[in-house]
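Biologist: Hey, got a minute to walk me through this one? I'm new to it.
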Amino acid sequence: MAASVVKTPKCARRRGSTKEQQQQQQQPQSKASKSTKDSSNWHWWLLLASVFLITFATRFYKVTEPDHICWDETHFGKMGSWYINRTFFFDVHPPLGKMLIGLSGYLTGYNGTFPFEKPGDKYNETAYQGMRYFCTTLGALIMPMGFDTVYDLTRSHEAALLSAAYLIFDVGLLTLNQYILLDPILLFFMMGSVWGMVKISKATAAGDSYSVRWWFWLFLTGTMLSCTISVKFVGLFVVLLVGLHTATELWIILGDLGQPIVETLKQIACRALSLILWPILLYTLFFYIHLSVLNRSGNGDGFYSSAFQSRLIGNSLYNASMPRDVAYGSVVTIKNHKTGGGYLHSHFHLYPKEAGARQQQITTYTHKDDNNKWLIKPHNKQRLPKDKLQLLRHGDLVRLEHLVTKRNLHSHSEPAPMTKKHLQVTGYGEAGVGDANDVWRVLVVGGKVNETVHTVTSRLMLIHYLQNCALTSSGKQLPKWGFEQQEVSCNLNVRDKNAHWNVEDNEHKLLPSVSFSVYAPGFFARFLESHAVMLQGNAGLKPKDGEVTSRPWQWPINYRGQFFSGSSYRIYLLGNPIIWWSNLVFLALFVAIFLGNAILQQRRAGQCRADRSEDSANSSTDVCSCCPEEEQLEQQLVQQQQQQQRQQQHHSDPLRAAAWLFIGWLLHYLPFWAMGRVLYFHHYFPALIFNSLLTGVMFNYMIQSLPRWLQHILLGGLLSLIVYSFALFSPLAYGMSGPLANEPNSTMHSLKWLSTWEF
């Protein structure tokens with residue numbers, strides 16, 4: 001019987017080594033890839049050049065018109081002047097944007113003398129153009145960065161071009177870019193932060209970690225983040241976005257089993273250095289420059305503590321020589337000790353009937369004024385003998401006479417005008433003569449019996465002798481009848497932390513004077529106080545008379561704009577309605593498509609798990625062990641291909657790119673719903689940039705499955721529509737004259753699509 005022979009099937013690998021097969025496959029592919037890459041680079045450079053050309057043409061057209069102050073140029077131009085003159089001032093925003101405006105003016109010939117009093121004032125011979133050119137240049141650079149950001153996220157020229165077009169042809173963004181404002185500076189640094197974030201991700205995925213290019217983008221992104229939050233505190237939103245993106249990327253690196261855990265630790269350390277420590281160092285440096293340059297006394301001194309003011313040249317406390325001790329007969333100013341606290345102040349005006357007793361108003365006022373001066377008198381005598389010196393001590397009873405009006409600080413059982421749980425504080429009496437309700441007990445916080453009251457350094461409480469309440473500044477702003485100064489009241493809760501005061505100026509002929517330079521604070525003390533004052537000022541912002549404010553729900557729908565110039569040459573801040581409303585459409589489409597795609601992927605994943613389970617139960621795996629080395633090489637090749645696919649998916653998946661832009665939009669829009677401060681239309685423009693980039697990504701994603709010729713028609717049609725709408729609405733940015741749009745003979749009458757548009 002013949003033996004049966006079983007033939008072993010020939011191993012497919014013996015036809016040629018895996019390396020040889022790989023080389024054979026790569027040769028034609030590399031040639032085709034190189035050709036495609038060259039063509040793609042050529043198209044990218046051509047489109048980028050077009051974006052630059054159109055952006056700068058639209059931004060610099062009529063940039064010096066109108067030749068008068070427009071909207072907030074009155075604030076930021078004035079602050080630029082103060083930097084040139086080194087005059088200290090108070091503002092609710094960090095200093096970098098205003099410093100750059102001042103620097104640009106100084107370098108282009110502006111001497112810092114123009115008053116910037118009110119919108120509409122003519123510049124005349126003032127060299128204001130350099131500051132406008134500077135702000136416009138930074139605003140114009142947003143569009144090329146947006147173009148490159150979207151291209152790196154999607155590898156699509158069409159998506160990048162459409163996103164850039166949505167930014168270029170929005171008349172609202174154009175208007176905001178052309179004037180001496182913080183907004184173009186803020187938006188430039190914000191866009192630069194996102195641009196750097198995407199570049200870091202791209203370099204990391206390409207395996208270029210720790211290269212010079214990788215480090216460059218890390219530190220550039222850190223610099224942009226620091227600059228963004230150094231212009232306005234809303235820069236914190238882009239810091240959160242970059243932080244979330246970085247954390248996600250580190251999580252992906254941690255999950256890559258092909259990398260050791262040490263790689264994750266190195267990545268964390270490098271990013272902490274460049275994206276946390278470096279921005280903090282820069283932020284601190286900007287404030288150091290700010291406080292060093294503004295070393296002369298100005299109208300913002302009173303918002304800061306007495307010790308802070310002692311560092312300002314020209315302030316009454318700078319190198320001050322005044323009595324160390326406070327005595328009866330001293331003429332003093334009394335400053336509320338809380339952050340941003342004002343001076344105890346009075347004037348001849350009375351409280352109205354609805355605000356309590358019709359007696360003289362007592363307020364706090366943040367500016368230095370003769371109406372801030374008070375005379376300290378004994379509680380039971382009108383005056384001390386001229387040659388007698390008696391120091392003021394902890395626990396003494398006193399009367400405080402307002403030096404200008406000769407009325408005493410007084411309180412009674414009437415409720416305070418704003419804080420009804422407190423008692424009213426008034427000025428009462430004639431020629432310093434009043435009644436028993438003028439008596440106050442002076443207490444040094446933490447003081448001991450017979451402890452002397454000192455100028456500046458003693459923290460005081462004034463307790464009403466009869467009512468047993470503490471003199472306090474509630475922080476509430478009085479109405480017009482109180483000149484919008486802050487309410488002073490008497491709090492029955494004597495533990496009120498706002499009831500702390502200090503003597504700032506002190507005049508007495510019989511007391512020797514000492515130098516107060518030893519009490520001047522260092523940089524870090526002033527750095528911290530500056531932030532406390534800014535944050536408090538930000539929270540307390542109120543609208544001015546006739547000022548148009550808005551709410552967050554109005555912004556995305558372009559409900560109402562605001563005038564930048566209301567004279568015969570009108571400028572009106574309003575978004576291009578075609579761009580803004582289509583942005584909302586694509587925003588909604590993204591949410592729907594993203595959720596639908598997530599559900600579909602989850603269902604497919606469940607089906608794959610079920611299929612694998614069935615296959616493992618019904619089949620066995622044949623293992624080829626004839627060539628273990630070739631098996632190992634093939635596994636490595638498969639792993640490399642899988643890694644390349646993951647990287648490509650991570651960086652070119654349109655929905656993933658759109659998701660990050662959507663998160664950026666949320667972070668720059670939703671927080672405003674929780675803010676209690678006054679809000680304006682221009683606060684939406686950072687979110688608008690993310691929405692416009694998202695629109696380009698989503699439009700390209702939705703037309704990808706269509707024939708190429710149809711894609712070009714749709715893209716060309718949409719571009720034509722937004723260019724045409726820009727041409728229609730461009731007078732809003734470039735200037736309008738003649739009748740308003742609500743009049744039938746106006747050239748803009750047909751463009752008033754909403755009744756709330758006021759141009």
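Modeller: Sure, one term to begin with: buried means under 20% relative accessible area, exposed over 50%, and partly exposed in between (1.4 Å probe, protein chains only). This is a predicted model, where local features need pLDDT of at least 70 and side-chain atom pairs count only at pLDDT 80 or more, while totals for chains, interfaces and linings use all residues. Residues are numbered from 1 along each chain as its sequence is written, and side-chain values use heavy atoms, with hydrogens and water left out.

Biologist: OK, are Cys469 and Cys490 buried or exposed?

Modeller: Both Cys469 and Cys490 are buried. They also form a disulfide, with their sulfur atoms 2.0 Å apart; the cut-off for a disulfide is a pair of cysteine sulfur atoms within 2.5 Å.

Biologist: Which hand does the link of Cys469 and Cys490 have?

Modeller: Right-handed, with 95° about the S-S bond. The pair links distant parts of the chain, 21 residues apart: Cys469 is in the loop between strand 10 (460-464) and strand 11 (470-477), and Cys490 is in strand 12 (residues 486-491). Strands here are DSSP runs (E, at least two residues), numbered from the N terminus, and helices are runs of H or I, at least four residues.

Biologist: And how many disulfides does the count come to?

Modeller: Just one disulfide by this rule.

Biologist: Why does Cys227 count as buried?

Modeller: Because its relative accessibility is 8%. Cys270 is buried too, with a relative accessible area of 11%.
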